Amino acid sequence: MLTLVDNFSRESLAIRAGQRLLGEDVVQTVDAVVRSDGAKPASIRVDNGPEFRGREMDAWACRRGVRLHFIDPGKPMQNAFVESFNDKFRYECLNAHYFVGLEDARRRIENWRREYNELRPHRSLGRIPPAVFARRAAALQAPSAPSDLLLGDSIA
């Protein structure tokens with residue numbers, strides 16, 4: 001699993017499930033989120049997995065002027081929110097369902113992601129869901145204000 005979370009709004013922007021995820025999969029996922037959102041992040045915080053350290057991700061970030069911030073090896077607390085998110089995701093979705101195939105997993109994961117964003121209040125956001133917070137913040141924020149994204153991998 002590849003999880004992509006906005007550090008400001010705490011919104012889960014994407015969760016990509018696959019049997020094996022490569023750097024090109026990461027780039028496709030991040031690019032799709034950036035295109036749909038219309039604003040590129042100022043930086044992306046990632047761990048040291050090969051899918052993040054490879055040429056594809058480096059070239060993508062260079063072309064778009066996005067800084068990649070690698071956490072120190074063996075220091076997941078430097079990416080604490082995405083680690084916490086992955087823990088909730090693992091417990092509430094992956095461990096709670098029996099998946100009959102990859103497409104079934106993708107469907108159930110996307111349903112969980114939407115519920116997380118739209119319905120679940122988040123204490124650090126004033127007890128409102130991340131998507132509601134993001135919409136309110138977007139209405140108040142300058143349109144060119146870049147955000148920071150967090151990428152993480154979650155193992156089922």
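Colleague: How do H5 and H6 sit relative to each other: parallel, perpendicular or oblique?
Modeller: Oblique. Keep in mind that this is a predicted model. The axes of H5 and helix H6 (residues 130-140) cross at roughly 55 degrees, and that falls outside the 65 to 115 range for roughly perpendicular and isn't under 35 either, so the pair counts as oblique.

Colleague: And within what distance do the axes come?
Modeller: The axes of H5 and H6 come within 5 Å. Two packed helices are described by exactly that pair of values, the angle between their axes and the distance between the axes.

Colleague: Which residues meet there?
Modeller: On the H5 side you've got Tyr116, Asn117 and Glu118, and they meet Pro130, Ala131, Val132 and Arg135 in H6. Sorted by class, that contact has four nonpolar, one polar and two charged residues.

Colleague: Staying in H5, is arginine 113 buried or exposed?
Modeller: Buried, because its relative accessibility is 13% and the cut-off for buried is under 20%. Arginine 113 lies in H5, which covers residues 102-118.

Colleague: What is arginine 113 in contact with, apart from its neighbours within four places in sequence?
Modeller: Ser12, Leu13, Ala14 and Ile15. Those numbers fall in strand S2, which spans residues 12-16.

Colleague: OK, strands then. How do S1 and S2 run, parallel or antiparallel?
Modeller: Antiparallel, with four bridges joining S1 (residues 2-6) to S2. To see the pairing, look for valine 5 opposite serine 12, and for threonine 3 with isoleucine 15 as its bridge partner.

Colleague: What's in the turn of that hairpin?
Modeller: There are five residues between the strands, and arginine 10 takes a positive phi near 65 degrees.

Colleague: How many residues of S1 are buried?
Modeller: Five of the five, so S1 is largely enclosed by the rest of the structure. In a regular strand the side chains alternate between the two faces of the sheet. Here both faces of S1 are covered: Leu2, Leu4 and Asp6 are buried on one side, and Thr3 and Val5 on the other.

Colleague: Switching topic, how many disulfides does the structure hold?
Modeller: Zero.

Colleague: Then where are cysteine 62 and cysteine 93, buried or exposed?
Modeller: One of each. Cysteine 62 is exposed because its relative accessible area is 64%, and exposed means over 50%. Cysteine 93 has a relative accessible area of 0%, so it is buried.

How values were computed:
Residues numbered from 1 in each chain as written. Predicted model: local features only at pLDDT ≥ 70, side-chain atom pairs only at ≥ 80, totals over all residues. Heavy atoms only, no water. Helix = DSSP H or I, 4+ residues; strand = E, 2+ residues; numbered from the N terminus. Buried < 20%, exposed > 50% of the residue type's maximum accessible area, 1.4 Å probe, protein only. Contact = heavy atoms within 4.5 Å. Disulfide = S-S within 2.5 Å. Pairing = 2+ DSSP bridges. Axes fitted to C-alpha atoms, helices over the stretch in contact; angles between N-to-C directions. Parallel < 35°, antiparallel > 145°, perpendicular 65-115°, else oblique. Nonpolar A, V, L, I, M, F, W, Y, C, P; charged D, E, K, R; others polar.
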